[in-house]
Amino acid sequence: MVERDVVVNSDAGIHARPAMMIVREAMKYQCEITLIKDDIEADGKSIMSVLGLAIISGSKLKIRASGEGEHELVSYILNLIENDFKV
Amino acid sequence: MGKLTLRYFIDGIGRIDLQLRLLAGEGGLDKEIKTGELNRPGLALAGFFDYFAYDRIQIFGQGETAFMNQLSPEQKIKVYDDFFSYPVLCCIFTYEYRPDDLFLEYAEKRNIPIFLSKRSTTRFITLFVHVIDEIFAESVTLHATLVDVFGVGVLLTGKSGVGKSETALELIERGHRLVGDDMVVVKKIDESLLMGGGSEILKHHIEIRGIGIVNVREIFGIRSVRNRKRIEMVILLEEWDSSTEYDRLGLDEKKYTILDIDVPYITVPVRPGRNIPIIIETAALNQRLKKVGINSARELDERIKKWIINEGGK
């Protein structure tokens with residue numbers, strides 16, 4: 001299991017498109033992926049679940065993955081968030 | 001939700017507006033409500049302060065107000081001095097009985113919010129307990145979909161991509177109601193009652209692969225949604241796995257535990273060509289039958305056993 005903390009800095013937070021970018025990548029992996037904000041867990045493979053976290057600029061997130069490809073997926077998502085979803 | 005403060009009393013908590021009016025003590029509105037319990041301060045007003053639960057919400061009903069009204073000005077000062085020497089959380093006057101100006105002055109000075117309610121004491125307490133219990137209830141957010149199927153709250157779980165949302169959509173199309181898709185907030189209202197609601201932000205939106213996000217309420221109308229529903233059964237949708245033994249009889253009841261409450265639970269294997277919504281409708285109806293005391297599997301089993309005994313005796 002891999003777990004990393006990250007703070008979202010992009011001005012618009014994680015709205016529909018950024019959520020889709022996370023989910024689209026997550027779906028390529030076998031591992032389970034969870035985004036956690038304020039103890040609320042969201043499935044990283046579900047757009048609605050990620051959107052439901054209401055992640056705004058400044059939100060602290062925990063990203064947890066377990067299973068095949070966990071390291072690659074977590075670092076991909078961290079990279080997305082740290083680069084404000086500009087790829 | 002974060003800290004619950006007295007400010008919620010005026011802004012409205014959850015679905016119910018307590019309709020309280022603030023008379024004094026605005027400076028104390030950011031005090032935290034730590035317990036949902038109430039206190040009737042009659043004994044304290046009469047001078048008995050042992051066990052005075054000052055940190056609870058104080059309810060002044062007809063009795064308390066009548067007592068205060070018959071006090072002489074000198075007595076009032078004595079009573080209020082004593083009463084307000086405690087860091088009282090707040091006071092609520094029912095029946096819209098407005099306390100005297102001296103009382104309000106004391107409260108204002110000590111930043112103790114005083115509220116007025118139109119309701120009768122009993123009505124107010126009932127309503128308040130109902131609202132506050134829900135706020136203090138243990139809760140958990142689940143990655144699942146909640147649908148009201150024939151009046152039975154069915155929580156659909158399963159891995160992403162197994163078709164929870166598509167199944168929900170088909171159920172909605174068949175006249176059932178969506179509570180929440182992909183994110184359900186479950187609250188333990190009572191030792192045997194789990195209430196599920198959708199996320200405030202997502203409301204009744206659903207994501208369907210190939211179409212994207214759709215607003216169920218706008219497309220299917222108000223009758224296709226509801227805000228909360230008691231969770232009465234859990235259905236796990238999973239990819240059909242030929243090596244798994246699926247339940248063929250339904251004699252053994254499995255339980256799914258949410259917040260320490262056991263909920264009837266079944267696994268429905270998904271495979272192309274299998275009509276999942278009809279299976280879920282049947283499961284929900286079967287659950288309702290069980291609730292009224294009819295267990296189809298067990299009854300058939302009993303009948304067959306009886307028949308075997310009788311036939312065997314011939």
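Begin with chains A and B displayed together: in this predicted model, the two chains bury about 1,100 Å² between them, and 67% of that area lies on carbon and sulfur atoms. On the side of chain A, select Asp43(A), Met48(A) and Gly52(A); these residues lose the most area to chain B, together 42% of what that side buries.

Next, extend the selection to the whole contact, which takes 14 residues from chain A and 14 residues from chain B. Salt bridges between chain A and chain B number zero, while three residue pairs are in polar contact across the interface, both residues at pLDDT 80 or more.

Now colour chain A by secondary structure. Both β3 (40–43) and α2 (47–52) of chain A supply at least two residues each to the side that touches chain B. The most comes from α2(A), with five residues. By class, this side of chain A comprises eight nonpolar, three polar and three charged residues.

Turn then to the sheet of chain A. Its four strands form an open sheet in the order β1-β4-β2-β3, with antiparallel pairing. Because β1 (2–7) and β3 of chain A stand at the edges, each with a single partner strand, one side of each is left without a neighbour in the sheet. From one strand to the next, the twist averages 25°.

Within the sheet, select β2 (residues 32–37) and β4 (residues 60–66) of chain A, an antiparallel pair joined over five bridges. Here Leu35(A) stands opposite Ile63(A) in β4(A).

Finally, select helix α3 (residues 70–82) of chain A, which packs on the sheet and touches β1, β2 and β4 of chain A. The direction of α3 makes about 0° with that of β1(A).

How values were computed:
Residues numbered from 1 in each chain as written. Chains lettered and ligands numbered in written order. Predicted model: local features only at pLDDT ≥ 70, side-chain atom pairs only at ≥ 80, totals over all residues. Heavy atoms only, no water. Contact = heavy atoms within 4.5 Å. Buried area = accessible area lost by both parts, 1.4 Å probe. Salt bridge = Lys/Arg side-chain N within 4 Å of Asp/Glu carboxyl O. Polar contact = N/O pair within 3.5 Å; in protein donor to acceptor, adjacent residues only side chain to side chain. Nonpolar A, V, L, I, M, F, W, Y, C, P; charged D, E, K, R; others polar. Pairing = 2+ DSSP bridges. Axes fitted to C-alpha atoms, helices over the stretch in contact; angles between N-to-C directions.
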